[in-house]
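Trainee: I'd like a close look at one part of this model, please. Could you walk me through a helix and whatever it packs on?

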Amino acid sequence: MARVDTGRVHVLGVRHHGPGSARSVLAELERVGPELVLIEGPPEADELVGLAGELTPPVSLLAYVPDSPSRAAFWPFAAFSPEWAALRYAAEHGVEARFCDLPAAHTLAAQEADAPEGADPEPAPGGGGEAAPEDPEAAGAGRAIADPLGVLAEAAGYDDPERWWEDVVEGRAAVPGASSPGAPPAGASPFPAIAEAMAAVRAESGPAPAGPAALREARREAHMRQVLRRAMRSVGGPIAVVCGAWHVPALLEHPRAAEDTALLRGLPKTKVAATWIPWTHGRLAAASGYRAGVRSPGWYHHLFTAPDRPVVRWLAEAGRRLREKDQPVSSAHVIEAVRLAEALAALRGRPAVGLEEAADATESVLCEGAPARAHLLHREMVVGERLGAVSERTPLVPLQRDLAAQQRRLRLKPQAEPREVDLDLREDSGRRRSALLHRLRLLGIDWGTPRGDSVRARGTFREPWLLAWQPELELRLIEAGVWGTTVEAAAAARVRALAADADLPQLTELAERCLHADLGGAIGDVLSALTARAAEDTDIEHLMTALPPLARSARYGDVRNSDSAALRTVAAQLLARIRAGLVPAVSGLGDDAAAAMAAAIDGVHGAAVLLGGGDEDAWLAALEAVALRESAPGRVCGRADRILHDSGRLADSALADRLSRAASRGTAPTRTAHWIEGFLSGSGLLLVHDTALLGVIDRWLGGLAGDAFTQVLPLLRRTFGAFAAPERRAIGDSARALGGPGGPGAAAGAEPVDARRAAPAVATAAALLGLGAGGG
C-alpha cells in the first residue's frame, strides 16, 4: 500500500448533509486554496458543475437511462451539504471541480441486471447517491462493524451516534465557540482526526465479507482512487477531495493501480443522461426513507445560514410563528426559552444548545407545556419545507420546458408545501389552469389533486385543488416525454394509447377526464372506441357503470364551453340500451347482486337527470316496470319506488298502497325487510314527515311472529343503523306518537296501553332504531 502525499492531497471526510461539515469544508478550502476539487458524485455530471452558481438549493443531480427513465438515481444537495459548499466554492473562486464516484452508467446498468426479467425498477429516494456514514448499508459496506459511528460514539460514552457526531463535529463547527471533549480544538481542522478515527474503525472491522454490497463499495473506492491518480498527474497544485468519512482511509492508502483496474474490468454499462432538478427538505429528511437523510433539515439549514446567535434567532422565529397562530407569546417568553435551552445544554454536558434543548424550551416556555401546540411547529420549522430551483440553462427534455413555460404563463408556481387553489371555470384563466392540471394527471404527474366533489360542494363553476410539487415528479415528466414534446400532445397521445385497451366503463371515465383536460383532438378517438365497445357489450351492469361519467362529461362540457353534443348522443344511446335490458337484468338476483344493482340504479338515475328531457321521462317509465316486477328483488323494487316517489311519479297514497302490498301477510318477511332497506337507503326522514308510511311499517313489524321477527331484525338494524343519530331520534319520536290520541295507529275505541306489558316491545323497538332507554 502506498500513502498519498497529504501535503498536496487533502481528503476531507464529511457527513453528507451536515452544517458543521459544510463550514469546516469551506474553511479548509480557503486555507488550502486547491487547484482542483474532487467531489463524491457521478462523473456524468461534470458538465453540469458550472451551473452550481445559478441554482437555489435544495437541488439534486438526476442520472437516468434515456430509453428507460424509471431507471434513475438521485444525488441531493442542500445549502448545508458539504459537497454543495465545495461546488459553490469552486464556482465563486474559478476553481475546477469534478465528480469522482463510480459512473452512473455502471450503477444503472447493474440495476437493470439485478432487476427481475420484465421488471421496470422504480427509483428509490437517493437511489444511486451515497448514504451518510452512519448508514449501515453504505458505510459498513458489509463489514463486520455495520455502524462505525456507533463504535466511536460508544467509545466516547454516547448511546446515540448522531448526537455524538453533532457534538464533536456539527455542534463545534456550526455553533461558533462550541467545543466538546474529544473534539479538535476550536479553529483546528477536524479532518485529520476524522481520518484517523475512520482508519481505526476500518482496521478493527477487518476485511469485508464477500457479497454484492461489499463488492460495490470496493469498486466505488477503486474508481475514486483512479480519478485521484489521474488528477495528480494532470494537476501540479493542491487537490481537495470531499467524500463520505468512511472512504477517507481508502483514498489515503492506495494499492497498486493494476489491482484497481482489475476490480473495475468488465463492468456493465449503459447510456446515461444527467441534469439538475429541484429537491425539497422533506425528501432530505430521514423520515422520507432517504438513506442519507437527516432528522431535521430545517434546523440544519438555520444553523448554516444564521449569521450569529442561531439559538436566539431560532426561538424568536418560533415565537413569531406561534403569534401568527394567535398564540400568546411575548418577548419575555423568548428570553426565558433561550435561558432554559442554555441551562439544559449545560446540565446535559453538551457543548452547545442542540435541537433537543431548543425543542424542550419551545414546548415548556413558548407553548406553556402544551405538546399539541408545540407539534404545530415541528413540520414547519424542524423540517423547514422548501423547494429548490434550477436555472434556465439547466438541460431539460422538451416536455419539461413546455410545462415550465405554462407554469409561468398561468402563474402557477410549483411549491413543495401543499396549498389549496380554487379555480373558477367561468374564467378563461381558471379553465386553462384546470386543463393543465388534468392533462398532467393523465400523464401520471399528480401535481394537483382534486379536493372532494366540486360539483356538489360548490356548484359546477368551482373546482378546488390541492397542489404540492414533489421532486419525483421531475422524473415522471422525463418518463412522460415519450408521449410528446408538449403537455397537450403528450396527454392526447397517452389517452389514445389507454383507449386502445380500455373496457366500456374505463372508456367513459377516460372520456370524462379527456373533457376536463380540454383534449378536443383525442376525445373523438375515445368516443369512437366507446361506441364500438358499447355495440359489442351486452352486459347491462357494464353499461350502467359506464353511463354516469359520460353524463357528467356532457354536463361538465357545458360549464367549460366545450361542445358536448357527441357525448350526449353516446350517453343517450347507452341509456336507451339500459332501459331495454333493465327489467330482465333485475330478475332473480341474490342479496349482494341486488345491493350492487340498487347502487347502479341510483347512478343511472343521476345520469338521466343530468341528461334531462325525454331521456329522464323514459328512464322513470323503465323504473316503473321494475317496481312492479314480481321476480325483482325487494331491495331493487324498494329503491325504484323511492326514486319514483321523489321524482313525483308516485303519489303518497300510491306509495302507501305499494308498501302495504310489500308488507302483506302473503309476502315473505325478508322480502319486505329488503324492500324497506332499498326504499330508505340514504335517508329515513321521509318516515318522519309521512306518518302513514311509518304506521304501515309499524303495523307490519308488530304483526310478525317471533321467528319471523328474529329473521328480519338484522336487516332492519342494518337499514336504520345507517341513519345519522338525529334521524333515528326523530323516527323514534314519531313512532312513539303513533299510538297516541288521533295518531294513525290509534284504532277507534282502543283500550289504554298497559305500559308494563308493552315495556319489552318498546325496548326491542328502541334497540332496532339504535336508541337508548331515554330515547336518545
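Mentor: Let's take helix H33 and its partner, then a second helix and a tryptophan. This is a predicted model, so local features need pLDDT of at least 70 and side-chain atom pairs count only at pLDDT 80 or more, while totals for chains, interfaces and linings use all residues. Residues are numbered from 1 along each chain as its sequence is written, and side-chain values use heavy atoms, with hydrogens and water left out.

H33 covers residues 706–721; helices here are DSSP runs of H or I with at least four residues, numbered from the N terminus. Its 16 residues should span 22 Å at 1.5 Å a residue, and the end C-alpha atoms are indeed 22 Å apart (the expected span is 1.5 Å times one less than the number of residues). Even so, H33 has a kink of about 40° at Leu713, shortly before Pro714; the bend at a residue is the angle between axes fitted to the seven residues ending there and the seven starting there.

Now for the partner. The axis of H33 comes within 9 Å of that of H35 (residues 755–768), and the two cross at roughly 45°. Axes are lines fitted to C-alpha atoms, for helices over the stretch in contact, with angles running from 0 to 180 degrees between N-to-C directions. That makes the pair oblique, the label left over once angles under 35 degrees are called roughly parallel, over 145 roughly antiparallel and 65 to 115 roughly perpendicular. H33 brings Phe709, Leu713, Leu716, Arg717 and Phe720 to the contact, and H35 brings Thr764, Ala767 and Leu768 (contact means heavy atoms within 4.5 Å). Leu713, where the kink lies, is thus one of the contact residues.

As for burial, the buried residues of H33 include Phe709, Leu716 and Phe720, and these three also touch H35. Buried means under 20% relative accessible area, exposed over 50% and partly exposed in between, with a 1.4 Å probe and protein chains only.

For another bent helix, try H25 (residues 565–585): its 21 residues reach 29 Å, close to the 30 Å expected, with a bend of about 30° at Arg579. Its buried residues include Leu574, Leu575 and Ile578.

Lastly, Trp675 sits in helix H30 (residues 669–680) and is buried at 6% relative accessible area. Beyond neighbours within four places in sequence, its contacts include Gly634, Arg635 and Leu659. The C-alpha of Leu659, 16 residues away along the chain, is 8.4 Å from that of Trp675.
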